[in-house]
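Good morning, colleagues. I should like to take you through one model this morning, beginning with its interior and ending with the confidence values.

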Amino acid sequence: MPVFTFGRQGKRPYGFCSKVTAAVILGLCFIVIWSTSSSPSASVSSQRNSFTDILVPVPVADRRTGGGNGDLERTRRIDADGDSEGKREMRNEVTIGEKKVPVTDENNGNKEHEGARKTGITKKPVILSHWPEESEVKEPEEAKEEEDVQEEENDQDGKVDTEADGDGDDPIGFAAEESFVMEDEHSSLKPTGKKKKSRGPLFDSRAHHSWKACNVRTGHSYIPCMDTEGATGKMQRYRHKERSCPKTPPMCLVPLPEGYGFPVRWPESKSKVLYKNVAHPKLSAFIKTQNWLSQSNEYLNFLQNQSEFNGGASHYVNSIEGMVPDIEWGKNIRLVLDIGCRDASFGAALLDKAVLTLSWGLKDDEFNLAQVVLERGFPAIISILATRRLPFPAGVFDAIHCGGCRISWHLNGGKLLLEMNRILRPGGYFILSTEHDSIEVEEVMSKFTASICWNILAHRVDEISEVGIKIYQKPSSNDIYELRRKKFPPLCKEDEDPNSAWYAPIQICLHTVPAATDERGTEWPEEWPKRLETFPDWISHRDKLAADTEHWKAIVNHSYLNGMGIDWSRVRNVMDMKAVYGGFTAALESSKVWVMNVVPVHASDTLPIIFERGLLGIYHDWCESFSTYPRSYDLLHADHLFSRLKSSL
């Protein structure tokens, strides 16, 4: 009635104010009626006073083991009709760690269950076992890695099923056991998981493997990713090709050769090995043409003071040092790359002088000589130098040697020699010896070495070994590059990473020499053995390096050498499958072993540090086969390798 009275008064003269008043009152009444009929939880302006009613999925480990602290006692399934006792309990309180926290916003719970009914999803809530402390907050990359591991655990327990099924009670393709989390009180239900990652058969606990012998032509010497299969004609005599791994990794076992026996122990293996361990169809014919090895009974013997060099390898090594006294084997020169595997007498002679020589087998190794070198207990690898870089960082070898060399270094723009220039340390030595020099090749080689500013230090024919020896030195500064008349090969672009080496193509260009005082390569390392424990200034985290060294010294001395039942008298060839700073190798330095330090290509690039310490190493991707002969290593060391591989896939 008051409203109509004001309306009648509005018709009278001077009733304009009354009309306005009536309109305002009507508007206020409409707002009051509309607001009282609306649910408080539907107001977009409402704010949450507490976050204790948000249900967060418990970690999978807690779900699987029951939490260990009774955290899951109050867990109940919320039925689609929203009337279960469990639902009322969840609205009243939730368990966080060992505390029970009351839930005050009951309407939000109703809203949540109503959304579940509308979408047809029956949700199984879980309770947060603990709020994360500040120290537990993960960086984005760490959180992603942890999430991937958790997804794998979900998959193994069979609690997560992301396969869509449109015909059942799961219309959007998520099973009822899937965990969900609300973004805020007004958001719709969304799955927290993402599409599962495929980790391959090796990390699938439900996978079953049926192993069989590798059915390949190379038999017990099969090298995956390297051996050519199905070649015809002339290509049959080249068993190795440039590294190319199949999309499907080989899941077969390489058989043992007939009559295989345990390798001869070091140091006796320097002079003889079991012939059947390295037998090859062409090896017998090769033995008959060489005066430095012979076969007697079951052994392949390496004659003392005999080698492919007349006068013996020791005389050959000493003559090189006599030509360039600054070489100082074992002090100034510690790491050498020996191109081409023959009898390894060169590396054996240098080992007596504390020089570590890595023999490099090439594709025309028709007699498995690299395998013979490994069987004797000397470092060796198999790699093809064709279009890709060798798996080493730049500027790490103190010297490179090519004895009896028949490689045409000058062909294809000299890219093979440019690759040698890349991995040779600034100021390092390239030693080339040939029995018969070709005048034409000599002229071309001289021009090209001059174009890359290599200085020839010595060139003479040794009267005893009867080989011509040339010793070149790589520049130690960039000044000389500016003095070239012809700028070929050109200098590499600044964005060209010289350390990029895994499947990286060889570039026909010259990398500049490091010039800044805080760069690696500006100074020659300390003399051996000081080099092992001296950490140069360019290493920014020397404290971590020192700690890593002490860590592995303690483990090796107190556990590996005495407490694991390993007969170290039978161990010579060792591989560290996930080397970091070379601490494991440094701890074994006094033992009679050599270690190949493998730095995975997806890990931090610490391989230059390992070389700087006077140790050998190589890059590799452990998702592929390693380039070596079967049975190469006596001991494999893997520290957290497989867990890291599993989390990174």
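In this predicted model, the largest nonpolar core comprises 83 residues. Those with the most contacts inside this core are Leu-300, Phe-392, Phe-397, Trp-409, Met-420 and Phe-430. A second core, separate from it, has 22 residues, including Met-323, Val-324, Ile-431 and Ile-471.

Let us consider Trp-409. Beyond four places in sequence, Trp-409 is in contact with Met-420 and Phe-430, among others. Its further partners include Ile-339, Leu-385, Cys-402, Leu-432 and Met-445.

I turn next to Phe-611, which lies in helix 17, residues 607-612. Is Phe-611 buried or exposed? Its relative accessibility is 0%, and because buried means under 20%, Phe-611 counts as buried. Again setting aside residues up to four places away in sequence, Phe-611 touches Phe-392 and Phe-397, and also Leu-335, Pro-393, Val-396, Arg-425, Arg-531, Leu-616 and Gly-617. Phe-611 and Asp-398 are 213 residues apart in sequence, yet their C-alpha atoms are 9.7 Å apart in space.

Finally, the confidence values. The chain averages a pLDDT of 75, with 66% of the residues scoring at least 70. Among the elements of the chain, strand 15, residues 573-576, has the highest mean pLDDT, at 98, whereas strand 3, residues 180-181, has the lowest, at 30. Over residues 1-14 the pLDDT is below 50, and this stretch has 5 contacts in the model beyond near neighbours in sequence. Residues 38-195 also stay under 50; for them the model has 186 contacts beyond four places in sequence.

Technical notes
Residues are numbered from 1 along each chain as its sequence is written. This is a predicted model: local features need pLDDT of at least 70, side-chain atom pairs count only at pLDDT 80 or more; totals for chains, interfaces and linings use all residues. Side-chain values use heavy atoms; hydrogens and water are left out. Helices (H or I, at least four residues) and strands (E, at least two) are DSSP runs, numbered from the N terminus. Buried means under 20% relative accessible area, exposed over 50%, partly exposed in between (1.4 Å probe, protein chains only). Contact means heavy atoms within 4.5 Å. pLDDT is the predictor's confidence in each residue, from 0 to 100. A nonpolar core is a set of buried Ala, Val, Leu, Ile, Met, Phe, Trp, Tyr and Cys residues joined through side-chain atoms within 4.5 Å.
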